[in-house]
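Take a look at the model below. This report walks through its layout, its core, one strand and one pocket.

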Amino acid sequence: MRKESLVTDILKACADAPERHFAPGAALIEEGAKADLLFVLIEGSVRVIKGDTEVARTNEPGAVFGEISALLGTPTSARVEAADRVRV
């Protein structure tokens, strides 16, 4: 499957979900929290932080995060915060 096709499929599946906006530095997910939401990045970039260390960063539309905790009901493994203005 082509990457563009996957992104399109994800965005179509999320079409009915409410869109949310986050300012730079705002937390989308807190480390260790119980989460029941997953996020699909539409625009902007996010940082993934474990403890005090940034372990990843993405600005790729269609990137999904928070899904493991949301699906399994486990605490989140990292903080995800907006690196700039974010739309999910």
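Leaving aside neighbours within four places in sequence, which residues is Ala63 in contact with? The partners of Ala63 are Phe39, Val40, Leu41 and Thr58.

## Overall layout

This is a predicted model. The protein chain has 2 helices and 8 strands. From the N terminus on, the order of elements is α-β-β-β-β-β-β-α-β-β.

The protein chain holds 88 residues, and 28% of them are buried. Take the contacts between residues at least 6 apart in sequence: 75% of these join residues at least 24 apart.

## The nonpolar core

The largest nonpolar core has 12 residues in all. Ala63 is one of them. Phe39 and Leu41, both in contact with Ala63, belong to this core too. The other members are Phe22, Leu28, Ile29, Val46, Phe65, Val80, Ala82, Val86 and Val88. Two elements give two or more residues to this core: β2 (27–29) and β7 (79–82).

## Strand β7: Ala82

Ala82 is found in strand β7. Is Ala82 buried or exposed? Ala82 counts as buried because its relative accessibility is 0%, and the cut-off for buried is under 20%.

Ala82 and Ala23 are 59 residues apart in sequence, yet their C-alpha atoms are 6.5 Å apart in space. Ala23 is also among the contacts of Ala82, with neighbours within four places in sequence left aside. The others are Phe22, Pro24, Gly25, Ala26, Leu28, Ser45, Val46 and Arg47. Of these partners, Phe22, Leu28 and Val46 are listed with Ala82 in the largest nonpolar core.

## Strand β7: Arg79 and Glu81

Arg79 lies in strand β7, and so does Glu81. A polar contact of 2.8 Å joins their side chains.

Glu81 has a relative accessibility of 11%, so Glu81 counts as buried. Not counting residues up to four places away in sequence, Glu81 touches Gly25, Ala26, Ala27, Leu28, Ser45, Val46, Arg47 and Ile49.

Which residues does Arg79 touch, not counting residues up to four places away in sequence? The list for Arg79 is Gly25, Ala26, Ala27, Ile29, Glu30, Glu31, Arg47, Val48 and Ile49. Arg79 and Ile49 are 30 residues apart in sequence and 5.0 Å apart in space, C-alpha to C-alpha.

## The loop before β7

Thr76 lies in the loop between α2 and β7. Thr76 is buried, because its relative accessible area is 8%. Leaving aside neighbours within four places in sequence, Thr76 is in contact with Ile29, Glu30, Glu31, Gly32, Ala33, Ala35 and Ser69. Ile29, Glu30 and Glu31 also appear among the residues that Arg79 touches.

## The second largest pocket

Rolling a probe the size of a water molecule over the atoms shows where empty space is left. The second largest pocket has a volume of about 230 Å³. Its lining is made of 13 residues. Phe65, Gly66, Ile68, Ser77 and Ala78 lie nearest the centre of this pocket. Phe65 is a member of the largest nonpolar core as well.

Which element gives the largest share of this lining? Helix α2 (residues 67–72) does, with 3 residues. By class, the lining has 7 nonpolar, 5 polar and 1 charged residues.

Definitions and conventions. Residues numbered from 1 in each chain as written. Predicted model: local features only at pLDDT ≥ 70, side-chain atom pairs only at ≥ 80, totals over all residues. Heavy atoms only, no water. 1 Å grid on protein atoms, 1.4 Å probe; cavity = no way out; pocket = protein on both sides within 12 Å on 5 of 7 lines; lining within 4 Å. Points joined across faces, edges and corners; volume = space filled by probe spheres on them. Helix = DSSP H or I, 4+ residues; strand = E, 2+ residues; numbered from the N terminus. Nonpolar A, V, L, I, M, F, W, Y, C, P; charged D, E, K, R; others polar. Core = buried A, V, L, I, M, F, W, Y, C linked by side-chain atoms within 4.5 Å. Buried < 20%, exposed > 50% of the residue type's maximum accessible area, 1.4 Å probe, protein only. Contact = heavy atoms within 4.5 Å. Polar contact = N/O pair within 3.5 Å; in protein donor to acceptor, adjacent residues only side chain to side chain.
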